[in-house]
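This report describes the fold, the nonpolar core and the charged side chains of a single protein model. The sequence and structure are shown first.

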Amino acid sequence: MPTAVLTDRERTAVQAYLRLLHTVRATLDGPPGAVPAMVPPTVLAEAERALAGAGLTGNEDEFFELLRAWCP
């Protein structure tokens, strides 16, 4: 199984994305017909800052490749 060695900034971006993903899932995982709660803007901002810091803004293909390699 291939492994990926991420830089600290790439790892931070992946972790921020995963936190965002889990927050969105939790927000939408309510009873059927319920109005979902809002995703906190701070979670979105954290993910955007982390992606920009890793140089991955606008480069989704590279980011998702890192994500798949690090967290299959």
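## Surface and basis of the model

What does the accessible surface of the protein come to, and what percentage of it belongs to carbon and sulfur atoms? The surface comes to about 5200 Å², and carbon and sulfur atoms hold 60% of it; accessible areas are obtained by the Shrake-Rupley method with a 1.4 Å probe, and for residues only the protein chains shown count as cover.

The model is predicted: local features need pLDDT of at least 70, side-chain atom pairs count only at pLDDT 80 or more, and totals for chains, interfaces and linings use all residues. Residues are numbered from 1 along each chain as its sequence is written, and side-chain values use heavy atoms, with hydrogens and water left out.

## Overall fold

The protein has 3 helices and 0 strands, and its pattern along the sequence is α-α-α. Helices (H or I, at least four residues) and strands (E, at least two) are DSSP runs, numbered from the N terminus. The C-alpha trace spans about 40 × 30 × 20 Å along its principal axes.

Of the 72 residues in the protein, 24% are buried; buried means under 20% relative accessible area, exposed over 50%, and partly exposed in between (1.4 Å probe, protein chains only). Among contacts (heavy atoms within 4.5 Å) with a separation of 6 or more, 66% involve residues 24 or more positions apart.

## Nonpolar core

In soluble globular proteins, nonpolar side chains tend to be buried together. The largest nonpolar core here has 15 residues, and Ala13, Val14, Leu20, Leu56 and Phe63 have the most contacts inside it. Helix H1 (8-28), helix H2 (41-53) and helix H3 (60-70) each supply at least two residues of this core, with H1 giving the most, 5 residues. Such a core is a set of buried Ala, Val, Leu, Ile, Met, Phe, Trp, Tyr and Cys residues joined through side-chain atoms within 4.5 Å.

Leucine 56 illustrates the packing. Apart from neighbours within four places in sequence, leucine 56 is in contact with Ala13, Leu51, Glu62, Phe63 and Leu66.

## Charged side chains and salt bridges

There are 6 positive and 9 negative side chains, and the centres of the two sets lie 5 Å apart. Lys and Arg count as positive and Asp and Glu as negative, while His and the chain ends are not counted; the place of a charge is taken as NZ of Lys, CZ of Arg, CG of Asp or CD of Glu. The structure holds 2 salt bridges, each defined by a side-chain nitrogen of Lys or Arg within 4 Å of a carboxyl oxygen of Asp or Glu.

One salt bridge joins arginine 19 to glutamate 46, with the closest N and O atoms 2.5 Å apart. This pair links distant parts of the chain, since arginine 19 lies in helix H1 and glutamate 46 in helix H2, 27 residues apart. Arginine 19 is partly exposed at 40% relative accessibility, as is glutamate 46 at 25%.

## Arginine 11 and glutamate 10

Arginine 11 forms a salt bridge with aspartate 8, the closest N and O atoms being 3.0 Å apart. The two residues are separated by about one helical turn, because they are 3 residues apart in helix H1. Arginine 11 is partly exposed at 28%, whereas aspartate 8 is exposed at 58%. The C-alpha atoms of arginine 11 and leucine 67 are 8.9 Å apart, with their positions 56 residues apart in sequence.

Glutamate 10 also lies in helix H1. This residue is buried yet has no salt bridge, and arginine 11, the nearest side chain of opposite charge, is 7.7 Å away. Beyond neighbours within four places in sequence, glutamate 10 is in contact with Val5, Ala54 and Leu66.
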